[in-house]
Amino acid sequence: MSNWYFVANARGTSINNLRMLRYLSSNVSPIYHEDIDSSDDVGDTSALVSNDGISSPRSSPSELIFTGNTSIPVTSVLHIVTPEEDTPQGIWPVFRIMDEDGTFRDGNNDGYEHHLDTKTAENSVLGKDLNSTLEHGDDVHLSSLRELRERLCSDYPNHALEIEQSRILTPSKFQYRDTESKDTLKRVHQQMIRLREMDTIFQNSQRQGRFSFYMTCRGEEAIPFGAATALESQDVVLAQYREQGVLMWRGFSLQQFSDQCYSNESDLGKGRQMPVHYGSRALNYQTISSCLGTQIPQAVGVAYSLKLSAANATDDGRETKKAVSLCFFGEGCSSTNDFHSGLNLSATLKCPVIFFCRNNGYAISTSVKEQYAGDGVISRAPGYGMAAIRVDGNDVFAVHAAVREARIYALENNAPILIEAMSYRCGHHSTSDDSFRYRSVEEVQHFANESDPLIRLQNFLKHHKYDNMTDDDFRIMVEDEKKAILYAMRKAERKPKPSLEDLFTDVYNEMPPSLKAQQNQLNEHIAKYPDSY
Ligand SMILES: Cc1ncc(C[n+]2csc(CCOP(=O)(O)OP(=O)(O)O)c2C)c(N)n1
Ligand SMILES: [Mg+2]
């Protein structure tokens with residue numbers, strides 16, 4: 001559906017909603033007031049960085065409290081459950097590296113029987129070479145990823161192997177164009193802020209009638225960036241709609257995001273899709289479909305084709321880069337027929353596909369309690385003969401590690417794997433939704449305070465004194481991002497709409513008579529009511 005014709009229908013606010021607004025929008029910048037009204041905002045990043053300092057060290061929680069007061073045992077062990085082994089007894093554990101206060105878990109208080117293998121420290125190069133050049137002390141600020149990794153290995157020897165392998169903690173071979181630095185961790189942090197700000201401004205723009213629809217990723221930002229940093233550029237991503245951070249990481253510019261939402265002539269989809277239905281052939285990101293679940297069997301087809309082309313390329317001696325497809329979907333989408341047929345097909349055809357379920361507690365207004373009777377989505381994997389891992393979706397390091405290892409597993413075994421990431425949808429479902437009609441302000445406040453992935457990463461940076469980041473530095477980053485987003489938006493707003501002709505092209509080589517008839521009807525209609533168009 002073209003967003004020209006989409007009717008935005010949710011401008012309603014309730015008293016609860018207003019209370020939440022006051023709570024979360026207390027520090028709105030003047031830039032917003034000048035141009036973009038934030039009256040229906042569900043939050044502003046500036047509020048996130050106002051919790052000065054970090055909490056004092058505490059022992060790691062043994063359980064993760066999920067929506068609806070379900071508790072899930074936490075494990076510090078990155079373990080993929082393969083079809084060959086026994087499935088976990090009871091509730092599947094959730095893999096987590098970093099606790100809410102930004103420190104890494106020591107593994108001693110895990111709620112699941114797997115405990116960290118202390119040999120991992122000995123296996124790692126950094127782990128053997130601890131304290132070589134590192135000065136310790138409270139006032140030592142770390143400025144390079146090398147220093148940070150040494151400090152982390154020293155502080156958390158049980159995670160040494162992961163610290164060494166984590167690409168978030170490894171500088172890129174090439175300079176990132178947007179940050180003009182090779183520092184991956186800093187870029188992850190900056191892009192998490194950029195995404196949150198873009199979401200906030202775009203949502204508010206929809207409220208002002210500047211475009212027709214929007215969906216935020218608020219509260220789930222660790223998922224796209226954790227996953228994107230673990231993939232290679234040749235990997236094909238088939239997303240649901242809330243994963244715009246993957247595109248951002250791959251280089252989709254703020255101008256491209258804005259052009260798509262405004263459906264202007266620079267929109268790659270030529271205005272035929274609703275806002276947020278991004279796609280980019282150059283970035284190997286298939287265009288979003290509004291119908292839930294369609295991306296799942298498509299991802300299986302993509303993976304099957306990748307497997308065949310990799311095999312053929314080896315046969316005739318050409319070099320090929322091995323690739324997987326990664327398919328994102330929400331837990332609500334896992335109730336579609338396409339989920340079941342897609343997963344079954346991938347296991348029987350042995351396709352290298354990563355199924356990534358974002359379990360954020362809700363499918364619009366339906367909470368997980370009403371969505372399934374079993375243990376989430378992960379417990380279905382053994383039924384399909386599929387490997388699986390459950391991960392804390394608010395821990396960017398854990399999401400990264402799980403996807404990295406899942407990719408290795410999928411390619412080595414030519415087999416699918418299911419990841420379930422436990423998170424929470426802090427925003428409304430979309431701009432057509434007022435979530436305070438079906439969940440309490442207190443619930444949203446609780447998750448926004450306790451498990452926000454951006455605050456968790458900022459606690460990590462502060463705790464480990466990385467890059468000397470203070471709350472003021474965070475605020476400056478937020479302001480710079482806001483300016484860049486507003487600049488792109490204003491530019492997008494001024495661009496002309498795509499040609500009406502484009503509505504009928506690009507599907508058939510020669511337009512069939514039925515479509516030609518529709519085009520004539522549309523032209524006649526517009527000629528009859530010129531004032532309305
Ligand atoms: C086949 C189909 N059924 C229903 C819908 C309406 N719909 C759009 S999003 C959504 C909820 C999806 O929830 P989930 O998969 O958990 O993703 P989330 O929005 O939580 O990220 C529904 C029911 C649709 N778009 N397509
Ligand atoms: Mg959901």
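The expected span of a helix is taken here as 1.5 Å times one less than its number of residues, and helices (H or I, at least four residues) and strands (E, at least two) are DSSP runs numbered from the N terminus. The model is predicted, so that local features need pLDDT of at least 70 and side-chain atom pairs count only at pLDDT 80 or more, whereas totals for chains, interfaces and linings use all residues. Residues are numbered from 1 along each chain as its sequence is written, while chains are lettered from A and ligands numbered from 1 in the order in which they are written.

**Figure 1. Overview of the protein chain.** The secondary structure of the protein chain consists of 20 helices and 11 strands. Of its 533 residues, 48% are buried, a residue being called buried if 20 or more other C-beta atoms lie within 10 Å of its own, exposed if 12 or fewer, and partly exposed in between, with C-beta atoms placed from the backbone. Among contacts with a separation of 6 or more, 74% are made by residues 24 or more positions apart, where a contact requires C-beta atoms, placed from the backbone, within 7 Å of each other.

**Figure 2. Helix α16 between strands β10 and β11.** Strand β10 (residues 387-392), helix α16 (residues 396-413) and strand β11 form a right-handed β-α-β unit; a crossover is right-handed if, with the strands pointing away from the viewer, the path from the first strand over the helix to the second runs clockwise. The 18 residues of α16 should span 26 Å at 1.5 Å a residue, and this agrees with the end C-alpha atoms, which are 26 Å apart. Because 13 of its 18 residues are buried, α16 is largely enclosed by the rest of the structure. Asn-414, just after α16, takes a positive phi of about 45°.

**Figure 3. Strand β11 and its two partners.** Strand β11 (residues 417-422) is mostly covered, with six of its six residues buried. In a regular strand the side chains alternate between the two faces of the sheet. In β11, Ile-417, Ile-419 and Ala-421 point one way and Leu-418, Glu-420 and Met-422 the other way, and all are buried. Strands β10 and β11 run parallel and are joined by six bridges, with Ile-389 standing opposite Ile-419 of β11; two strands are said to pair if DSSP finds at least two bridges between them. Strand β7 (residues 353-359) also pairs with β11 in the parallel sense, over six bridges, and here Phe-355 has Leu-418 as its bridge partner, while Ile-354 has Ile-417.

**Figure 4. Strand β7 and its connection to β6.** Seven of the seven residues of β7 are buried, leaving the strand mostly covered. Both faces are covered, since Val-353, Phe-355, Cys-357 and Asn-359 on one side and Ile-354, Phe-356 and Arg-358 on the other are all buried. Strands β6 and β7 pair in the parallel sense over six bridges, one of which places Phe-328 with Phe-356 of β7 as its bridge partner. Helix α13 (residues 337-349) completes a right-handed β-α-β unit with β6 and β7.

**Figure 5. Surroundings of ligand 1.** A shell of 18 residues surrounds ligand 1, the closest being Leu-292, Gly-330, Gly-332, Cys-333 and Ala-363; a residue is near the molecule if its C-beta atom, placed from the backbone, lies within 6 Å of it. The elements that contribute two or more residues to this shell are β6 (325-330) and β8 (362-363). By class, the shell divides into seven nonpolar, seven polar and four charged residues, where Ala, Val, Leu, Ile, Met, Phe, Trp, Tyr, Cys and Pro count as nonpolar, Asp, Glu, Lys and Arg as charged, and the others, Gly among them, as polar.

**Figure 6. Two loop residues with positive phi.** Most residues other than glycine have a negative phi. Val-276, in the loop between α11 (254-262) and β5 (285-286), has a phi near 75°, and Val-276 is buried, with 25 other C-beta atoms within 10 Å. Ile-364, in the loop between β8 and β9 (366-367), has a positive phi of about 50°, but with 14 C-beta neighbours inside 10 Å Ile-364 counts as partly exposed.

**Figure 7. Two buried residues and their sequence-distant neighbours.** Asn-158 lies in the loop between α6 (145-155) and α7 (160-165) and counts as buried, with 23 C-beta neighbours inside 10 Å. Its C-alpha atom is separated by 7.0 Å from that of Asp-106, 52 residues apart along the chain. Val-478, in helix α19 (residues 471-494), is buried, with 22 other C-beta atoms within 10 Å. Val-478 and Gln-190 are 288 residues apart in sequence, yet 8.7 Å apart in space, C-alpha to C-alpha.

Notes:
Contact = placed C-beta atoms within 7 Å.
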